[in-house]
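Student: Please give me a close look at one single part of this model. I should then like to see how that part compares with other places in the chain, explained step by step.

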Amino acid sequence: MTMPALKRSLASLVGLLALTAAAVLAPVARSAEPSPPILFVHGNGDSAALWTTIVWRFESNGYDPARLFAMDFTHPSARTDDTKPQDNRSSTDDALRELGAKVAEIQARTGQKQVVLVGSSRGGNAIRNYVKFGGGAPNVSHAILGGTPNHGTQATNPNLNNEFHGAGSFLTRLNTPDEIVPGVRWMTIRSDSNDKYAQPEGRFVGMPGQPTGVTFAGPELRGATNVVLPGLDHREVAFHRLAFTAMYAFITGAEPKRFYPAPQASPVLDGLVSGYAAGTPTNLPLEGAMVEVYAVDPASGGRRAGEAVHRKTIGADGRWGPFRANLDAYYEFVVTADGYPTTHVYRTPFPRSSAYVHLRVRPLEDKDRGAGAIVTMTRPRGYFGHGRDLFLLDGKVPSGVGEGVPGASEATQRFEPGPSRPVRVVLNAESMTVRTYPLEQGHVTIAEFHY
């Protein structure tokens with residue numbers, strides 16, 4: 001999206017949000033009943049970590065933290081063919097079973113019969129499948145789907161058993177005869193034309209230059225409250241502050257008073273350490289890995305003290321914490337694990353506590369080999385959009401991020417061999433300084449942003 005187009009979208013957004021609020025505010029009186037539990041369901045290849053900022057926003061508007069949950073699918077990536085087993089990939093039935101088990105766990109913990117389900121992308125497929133075919137309708141009060149490809153990412157590929165085929169068996173069952181299940185309040189949130197998986201042309205689904213058979217409105221459902229947020233990308237329609245605003249109003253019947261997290265004096269952090277298997281990400285614990293946490297200088301990226309402020313060998317539960325952080329501290333998380341490069345993950349200050357500060361490491365790719373050092377900037381909750389976002393790595397716009405519809409959540413810069421040096425990384429209002437480490441000694445650097 002160009003800057004003039006972005007300005008036009010933003011100029012119209014005030015009126016849009018007013019219409020959105022009118023559409024989603026619950027037409028019932030507020031009561032003294034406790035807030036319903038909310039379960040956040042991640043998308044394809046992702047993890048619960050992507051919901052961190054949304055959870056912070058709910059908490060900062062008075063939502064009880066004990067009623068906010070995010071789940072990790074064991075094998076988060078979909079099969080190529082939903083009917084055929086595939087290593088480290090899950091079927092739609094697998095996702096349904098895991099989601100159903102998590103709902104039952106939340107019901108037992110909270111004593112509440114009904115929960116709210118909020119899904120990003122593939123997470124919405126699991127929600128719809130659970131509600132319609134998994135006996136979940138009585139257990140769900142609201143279902144909110146951000147960027148879910150409810151009519152597929154394409155509808156012309158011959159593989160009709162693919163979960164994301166708009167004319168395939170899975171989505172045909174979900175969409176026939178009705179697209180929603182009565183008794184559950186449904187909302188979809190989509191982009192106007194900036195969602196890479198709701199495009200008439202197949203660039204992002206392995207069909208460049210070919211028609212997909214889907215439209216920009218593919219994530220909508222007949223009978224649901226369908227919200228359009230102009231300019232946002234496939235991930236942002238679940239994780240952006242405007243998506244949160246729509247969610248919060250739909251669930252509570254009131255508009256939020258805060259759009260950014262309210263700071264806590266001493267945040268407590270924890271999360272899962274995981275890796276890759278069969279070339280795809282997994283949410284299985286990476287037992288035996290070592291995590292060290294260092295406070296770093298925000299100007300140089302250098303460690304403020306020689307000793308780690310936290311250190312832990314990962315056990316069977318996969319958890320690396322808990323760790324009590326300083327509110328204004330920048331941190332470097334170092335993950336050492338057999339079969340993986342030593343991974344240095346830099347993070348900007350954490351405003352609030354979170355149990356979803358996940359650390360996922362991955363093997364080196366052939367394209368990374370031969371450089372002196374590599375630094376990757378990553379935006380898990382959105383993509384980089386030329387003309388929409390400011391993103392700089394070492395003072396330059398990194399290569400490899402395509403023009404047009406935002407489609408990349410990370411960008412890597414390769415450096416010549418040499419001594420460790422600081423590298424400034426900027427994403428919109430967030431910035432940090434990281435350090436290079438020698439690739440030949442098995443080290444990589446990641447700058448991960450909150451927003």
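**A close look at G402**

Tutor: G402 has a relative accessible area of 29% and is therefore partly exposed. Partly exposed is the class between buried, under 20%, and exposed, over 50%. Please bear in mind throughout that the model is predicted.

Where does G402 sit? It belongs to the loop that runs between strands β20 (391–393) and β21 (410–415). When residues up to four places away in sequence are set aside, G402 touches R203 and H386. With H386, the separation along the chain is 16 residues, while the C-alpha atoms of the two are 7.9 Å apart.

A second residue, L427, offers a useful contrast. L427 is part of strand β22, which covers residues 422–427. Its relative accessibility is 3%, so L427 counts as buried, whereas G402 is partly exposed. Which residues does L427 contact beyond its neighbours within four places in sequence? They are M377, R379, F384, L390, F391, F449 and Y451. Separation in space can also be followed from L427 to P211: these two residues are 216 apart in sequence, and their C-alpha atoms lie 33 Å from one another.

Burial can be examined for a whole helix as well. Helix α2 (residues 52–60) is mostly covered, with nine of its nine residues buried. Among them are W56, R57, F58 and E59. These buried residues of α2 pack against strands β1 (38–41) and β2 (68–71), and also against helices α6 (236–239) and α7 (241–252). After α2 comes G62, a residue with a positive phi near 90°.

We may now turn to the spaces enclosed within the protein. There are three cavities of 30 Å³ or more, and the largest has a volume of about 70 Å³. Which residues lie nearest the centre of the largest cavity? Of the 14 residues in its lining, these are F73, A95, R122, A126 and E163. Helices α3 (92–110) and α4 (122–133) each contribute at least two residues to this lining. The greatest contribution comes from α4, which supplies five residues. Sorted by class, the lining comprises five nonpolar, seven polar and two charged residues.

Finally, let us place these parts in the whole chain. Its secondary structure consists of seven helices and 24 strands. The radius of gyration is 21 Å, close to the 22 Å that the globule rule gives for 451 residues, so the chain is as compact as a globular protein of that length. Along its principal axes, the C-alpha trace extends about 65 × 55 × 50 Å.

The burial seen at L427 and in α2 can be set beside the figure for the chain, in which buried residues make up 57% of the 451 residues. The chain exposes an area of about 18100 Å², and carbon and sulfur atoms supply 54% of that area. As for contacts, consider those between residues at least 6 apart in sequence: 71% of them join residues at least 24 apart.

To return to the starting point, G402 is a partly exposed residue in the loop between β20 and β21, with R203 and H386 as its contacts beyond four places in sequence.

How values were computed: Residues numbered from 1 in each chain as written. Predicted model: local features only at pLDDT ≥ 70, side-chain atom pairs only at ≥ 80, totals over all residues. Heavy atoms only, no water. 1 Å grid on protein atoms, 1.4 Å probe; cavity = no way out; pocket = protein on both sides within 12 Å on 5 of 7 lines; lining within 4 Å. Points joined across faces, edges and corners; volume = space filled by probe spheres on them. Helix = DSSP H or I, 4+ residues; strand = E, 2+ residues; numbered from the N terminus. Nonpolar A, V, L, I, M, F, W, Y, C, P; charged D, E, K, R; others polar. Rg over C-alpha atoms; globule rule 2.2 N^0.38 Å. Buried < 20%, exposed > 50% of the residue type's maximum accessible area, 1.4 Å probe, protein only. Contact = heavy atoms within 4.5 Å. Areas by Shrake-Rupley, 256 points an atom, 1.4 Å probe, with all protein chains shown as cover.
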